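Visitor: I'd like a close look at a single part rather than a grand tour. Pick one piece, please, and walk me through what surrounds it.

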Amino acid sequence: MDASHAPVHRRHALRAGAAAAVALTAGCQERDPGTPAATATRTVAAKPAATAAGAHAPAPAPHRFPGQPVQVTNGPRDRARVALTFHGQGDPAVARTVLGEAERAGARATVLAVGSWLDEHPGMARRILDGGHDLGNHTQHHIDISALDETRAYAEITGCAQRLRRLTGSIGTWFRPSRTQYATPLVQRLAARAGYPHVLSYDVDSLDFTSPGAAAVTRKVAGEIRNGSVVSLHFGYADTVAALPLLLTEIDRRGLRAVTTTELLT
Ligand SMILES: [Zn+2]
């Protein structure tokens, strides 16, 4: 955690309570809305994929980007492009609103989908791809992957990969670890074994999951975003929906373009 953000963290922690304070030890560690941790590992029977291969060409596969580290935190700093990346979980109506807002502004996003979310809302995989966005893997249950042993961590990665393959014909272009900004060396190795040459981190944390208000989300991102930034955002939070038009306007005003992470690195 960057020490310069400590006051912001403290203020948010006071507002958001003890659970969020724990979550703020690193990015993307929010508790799944409405999913108590105790039930997070229950098995959800996957619904059959009505739109699987056949009706559509397979979605893009993971890409190896020569010259990029295994753990990608940002793209080139000499091009005026950024990637907005979303934790893919929560109310699908909110997710559709966010995607629609981005598309109306000519922006493209990267959605890292949680496997159990795809089980509940299988149509979201196609919706994301049809909007021209990147779709990736954010583990099956979004539990703290850094704390799992090798077998369980691998199952979290492959569980989501299997859902993605069944729904889209591909394991998705990216893997992002759950409840941590950075993958451990073990998780990096397991992701590679599962077919992902890179793991996707980020360099700008919007902190939208702490519900600090749309203005605070916009201010935080606007203050840190620059060429090549990868921004962490979340579906499922009202502040994100409210902040997005402001953020997209700010991105445009700065002469930046919001592209998929694949485009950012290509
Ligand atoms: Zn997440």
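Guide: What follows is a look at strand β3, with a short detour to some aromatic rings.

A bit of housekeeping: this is a predicted model, where local features need pLDDT of at least 70 and side-chain atom pairs count only at pLDDT 80 or more, while totals for chains, interfaces and linings use all residues. Residues are numbered from 1 along each chain as its sequence is written, and side-chain values use heavy atoms, with hydrogens and water left out.

The protein chain has 10 helices and 8 strands; these are DSSP runs numbered from the N terminus, with helices being H or I of at least four residues and strands E of at least two. Of its 266 residues, 54% are buried, meaning under 20% relative accessible area, against over 50% for exposed and in between for partly exposed (1.4 Å probe, protein chains only).

Now to β3, residues 109–113. Since 5 of its 5 residues are buried, the rest of the structure largely encloses this strand. Both of its faces are covered: Ala109, Val111 and Ala113 are buried on one side, and Thr110 and Leu112 on the other.

What pairs with β3? Strand β2 (residues 81–88) runs parallel to it over 5 bridges, where pairing takes at least two DSSP bridges between the strands. In that pairing, Gly88 stands opposite Ala113. Strand β4 (residues 134–137) also pairs with β3 in the parallel sense, over 4 bridges, and there Leu112 has Gly136 as its bridge partner. Helix α3 (residues 92–104) joins β2 and β3 in a right-handed β-α-β unit: with the strands pointing away from the viewer, the path from the first strand over the helix to the second runs clockwise.

Now for the rings. The whole structure holds 4 aromatic pairs, counted for rings of Phe, Tyr and Trp (its six-membered ring) with centres within 6.5 Å; planes under 30 degrees apart are stacked, over 60 edge-to-face and the rest tilted. Trp117 and Phe235 are a tilted pair because their planes meet at 50°, with ring centres 6.1 Å apart. Trp117 sits in helix α4 (residues 115–120) and Phe235 in the loop between β7 (230–234) and α9, so this pair ties together parts 118 residues apart in sequence. Both Trp117 and Phe235 are buried, and ring pairs link them with Phe86 into a cluster.
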